[in-house]
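Biologist: I would like to learn how to read a model like this one, feature by feature. Could you show it to me, and then take my questions in turn?

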Amino acid sequence: MPEALTSVFDIDGLLWLFIAVFAAGLVRGFAGFGSGMIIMATASSVLEPVSAVIFMMMAELLGPLPNLRAAWRDGAPRDVGRLMIGATLSVPIGIYCLANMSTEFFGWIVSGCVLTLLICLMSGWRYKGVLTPRLTVATGAVGGFMSGFAGIPGPPVIMLYMSSLLPISVIRANFLLYLLAIDVVMIAIFWGSGLFVWSIAVLGLIAGLPNVMANILGAKLFDPKAEVIFRRVAYLIIAASAIMGLPLWT
């Protein structure tokens, strides 16, 4: 174990991984989402698929905790619970696909999913219906599959909430609660399935320490009245993530 842990510090691109985790923390604290896409855009080009997802979920585990109480107060925990019902059922299917995927194809999948989300959001479409329990569970199921398959549980949930008419403060809080909960579910399933790589997990936790500080700073920058800025920053995050993660750069 000590030798395996020492070896991960020799990974090419390790500095970029840590930079990506810090930037992701700023974004997560500000917007409530987007951090996984930023981390995976870098991790998918540095680590093999399973290790990339393990690194991402461990690096993100500690960061949101300082903002958890506020998110629980401002969000709708019952809706997040419905999302997690669907996600918990579909994550194992996604993980099975992940374990049998090539690194190059993994990079294309991650960027493709993120870019598709951006196009849908910028089209101006808004969901004006009621967020029914059935719709919420189904959206969580799609997000759970994408979490296991590509390490990005956010796109379908982001699409649902960002296109809704809910207040930005509620949307942001729900994102934070959902993404933290799905990280916990993912860790448990990876552990139980024998896919957990301890050296990568410890590296992710170490990278997660500056992520905590970045989350706190990002939360201080958030202004619930600045909806236009919030959406523009969200679109910029998504676009940068999609471009950075393309296998063309490796």
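Biologist: Let me start with a single residue. Is N174 buried or exposed?

Modeller: This is a predicted model, so every value here is computed from its atoms. For burial, the cut-off is a relative accessible area under 20%. N174 has a relative accessible area of 1%, so N174 is buried. You will find N174 in helix 10.

Biologist: Which residues does N174 touch, leaving out those up to four places away in sequence?

Modeller: N174 touches G75, A76, D79, V80 and Y161. Keep D79 in mind, as we will come back to that residue.

Biologist: Gladly. Now the wider view: how many helices and strands are there in the chain?

Modeller: The chain has 12 helices and zero strands. Of its 250 residues, 53% count as buried. The contacts are worth a look as well: among those between residues at least 6 apart in sequence, 86% join residues at least 24 apart.

Biologist: A case would help me there. How far apart are P155 and F33 in sequence and in space?

Modeller: P155 and F33 are separated by 122 residues in sequence, while their C-alpha atoms are 9.6 Å apart. P155 sits in helix 9, which covers residues 154-162. With a relative accessible area of 5%, P155 is buried.

Biologist: Now salt bridges, please. What is the general idea, and how many are counted here?

Modeller: Side chains of opposite charge can pair when their charged atoms come close. In this model the count comes to two salt bridges. One of them joins R82 and D79, with the closest N and O atoms 2.8 Å apart. Both residues lie in helix 6 (residues 77-99), three residues apart, which is about one turn of the helix.

Biologist: Are R82 and D79 buried or exposed?

Modeller: R82 is partly exposed, at a relative accessible area of 22%. D79 counts as buried because its relative accessibility is 17%. D79 is also among the residues touched by N174.

Biologist: And which residue forms a salt bridge with D74?

Modeller: D74 pairs with R73, and their closest N and O atoms are 3.0 Å apart. D74 counts as partly exposed at 31% relative accessibility, whereas R73 counts as exposed at 61%.

Biologist: Let us turn to pockets. How does one look for them, and what is the volume of the second largest pocket?

Modeller: Rolling a probe the size of a water molecule over the atoms shows where empty space is left. Here the second largest pocket has a volume of about 160 Å³. Twelve residues line this pocket, and the closest to its centre are A70, R73, D74, R172 and F222. So the R73 and D74 pair turns up again in this lining.

Biologist: Which helices each supply at least two residues of that lining?

Modeller: Those are helix 5 (68-74) and helix 10 (168-193). Helix 10 also holds N174, our starting residue.

Biologist: Last topic, the outer surface. Which residues make a nonpolar surface patch?

Modeller: L15, W16 and I19 make a nonpolar patch of about 370 Å². W16 belongs to helix 2 (residues 14-31). With a relative accessible area of 58%, W16 is exposed. For the chain as a whole, about 11100 Å² is exposed, and carbon and sulfur atoms supply 71% of that area.

Methods
Residues are numbered from 1 along each chain as its sequence is written. This is a predicted model: local features need pLDDT of at least 70, side-chain atom pairs count only at pLDDT 80 or more; totals for chains, interfaces and linings use all residues. Side-chain values use heavy atoms; hydrogens and water are left out. Helices (H or I, at least four residues) and strands (E, at least two) are DSSP runs, numbered from the N terminus. Buried means under 20% relative accessible area, exposed over 50%, partly exposed in between (1.4 Å probe, protein chains only). Contact means heavy atoms within 4.5 Å. Accessible areas come from the Shrake-Rupley method with a 1.4 Å probe; for residues, only the protein chains shown count as cover. Patches are made of residues with over 30% relative accessible area and no salt bridge: like charges are joined within 9 Å, nonpolar side chains (Val, Leu, Ile, Met, Phe, Trp, Tyr) within 5 Å. A salt bridge is a side-chain nitrogen of Lys or Arg within 4 Å of a carboxyl oxygen of Asp or Glu. On a 1 Å grid over the protein atoms alone, a cavity is a set of points where a 1.4 Å probe fits but cannot get out, and a pocket is an open set with protein on both sides within 12 Å along at least five of seven lines; lining residues have an atom within 4 Å of a point. Grid points are joined across faces, edges and corners, and a volume is the space filled by probe spheres set on the points.
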